[in-house]
Amino acid sequence: MNSNPIIIAVDGYSSSGKSTMARDLAARIGYIYVDSGAMYRAVTLYALRHGMATPEGNLDAEALNAALPDISISFSPAGADGRQHTLLNGEDVEKEIRSMEVSGMVSPVAALPEVRHRLTELQREFGRRRGIVMDGRDIGTTVFPDAEMKVFVNASPEVRAKRRVLELRAKGENVNFEEVLDNIRERDHIDTTRKESPLVQAADAHVLDNDSMTIPQQMDWLLNLYNSIK
């Protein structure tokens, strides 16, 4: 048992529910939550706004790499909605980074080695004081390979697409299931085949397949694991 604050790494496929469970777990145990995926989305939004990326899939990697020192990413304290928001150069962009336009370009942007190196540095800064829950694609393998608790979340592409559609429609976006499913499959391919820190299950990660689990069941699973380690 470990009485000191630990680092909890939650990795998994896009739209597998890892951000929700990581955020809820952090709230339950009094840890800080860091959404690493939001950081990559913020960089992607910056690239789209500055013409370095286009909805058609074009990406000016050289220009984006040169702009990285000018991109500041931070998180606001939880607001009235109970959630912390992502800040891009001081601007609250929480809504903008969740759009399908950003979703369509985030994996190519995240595959750039320079982007990954820069954000990995920032993520490690967040973890310096420990007592954090961070979710993403390479947290338990690259960012915090020595994390005391590692979880790898999995669910079928169809289940993930259904969840994503419901989430986007609840926010007023007009999306269809096939469009979202295609996007998820493409992101899976890019995430698992990129050369720089691909999405893989850490050898010491605990696998959570949540295809048919409710959110309370997931939380019970996570708390049981946390208590067995802590």
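Helices and strands are here DSSP runs, a helix having at least four residues and a strand at least two, numbered from the N terminus. With these labels in place, the tour may begin. The model is predicted.

**Stop 1: the whole chain, coloured by confidence**

Colour the protein chain by pLDDT. The average is 91, and 98% of the residues score at least 70. Next, select two elements for contrast. Helix H3, residues 61-67, has the highest mean pLDDT among the elements, at 97, whereas strand E2 has the lowest, at 88.

**Stop 2: the second largest pocket**

Keep strand E2 selected and add helix H5, residues 113-126. Each of these two elements supplies at least two residues to the lining of the second largest pocket. The volume of this pocket is about 190 Å³. To display its lining, select Ile32, Tyr33, Val34, Phe75, Ser76, Gln84, Glu125, Phe126, Arg128, Arg129, Arg130 and Ile132. Strand E2 gives the most to this lining, with three residues. Colouring the selection by class will show six nonpolar, two polar and four charged residues.

**Stop 3: the largest pocket**

Now turn to the largest pocket, with a volume of about 890 Å³. Of the 43 residues that line this pocket, Ser15, Gly17, Ser19, Thr20 and Glu167 are the closest to its centre, and they make a convenient selection for centring the view. From there, extend the selection to the elements that give two or more residues to the lining, including helix H1 (18-29), strand E2 (32-35), helix H2 (36-49) and helix H4 (100-110). Further along the chain, strand E6 (132-136) and helices H7 (157-170), H8 (177-193) and H9 (215-229) also give two or more residues each. What is the make-up of the lining by class? The residues of this lining divide into nine nonpolar, 15 polar and 19 charged.

**Stop 4: helix H4**

From the elements of the largest pocket, isolate helix H4. This helix is mostly covered, with eight of its 11 residues buried. Select the buried ones: Met100, Val102, Ser103, Met105, Val106, Ser107, Val109 and Ala110. Then display the surrounding helices. Which elements do these buried residues pack against? Their partners are H2, H3, H5, H7 and H8.

**Stop 5: Asp191**

Move to helix H8 and select Asp191, which has its place in that helix. Is Asp191 buried or exposed? Because its relative accessible area is 2%, and buried means under 20%, Asp191 counts as buried. Show its side chain and two polar contacts can be followed from it. One joins the side chain of Asp191 to the side chain of Ser107, at 3.2 Å. Ser107 is itself one of the buried residues of helix H4. Another polar contact runs from the side chain of Asp191 to that of Arg194, at 3.2 Å. Leaving aside residues up to four places away in sequence, Asp191 touches Ser107, Arg137, Pro198 and Leu199.

**Stop 6: the enclosed cavity**

The last stop lies in an enclosed space. How many cavities of 30 Å³ or more does a search of the whole structure find? The search finds one. About 30 Å³ of space lies in the largest cavity. Select Val43, Leu68, Ile71, Ile73, Arg118, Leu119 and Leu122 to show its lining. Helix H5, already visited at the second largest pocket, contributes the largest share of this lining, three residues. By class, the lining of the largest cavity has six nonpolar residues, no polar residues and one charged residue.

Technical notes
Residues numbered from 1 in each chain as written. Predicted model: local features only at pLDDT ≥ 70, side-chain atom pairs only at ≥ 80, totals over all residues. Heavy atoms only, no water. 1 Å grid on protein atoms, 1.4 Å probe; cavity = no way out; pocket = protein on both sides within 12 Å on 5 of 7 lines; lining within 4 Å. Points joined across faces, edges and corners; volume = space filled by probe spheres on them. Nonpolar A, V, L, I, M, F, W, Y, C, P; charged D, E, K, R; others polar. pLDDT = per-residue confidence, 0-100. Buried < 20%, exposed > 50% of the residue type's maximum accessible area, 1.4 Å probe, protein only. Contact = heavy atoms within 4.5 Å. Polar contact = N/O pair within 3.5 Å; in protein donor to acceptor, adjacent residues only side chain to side chain.
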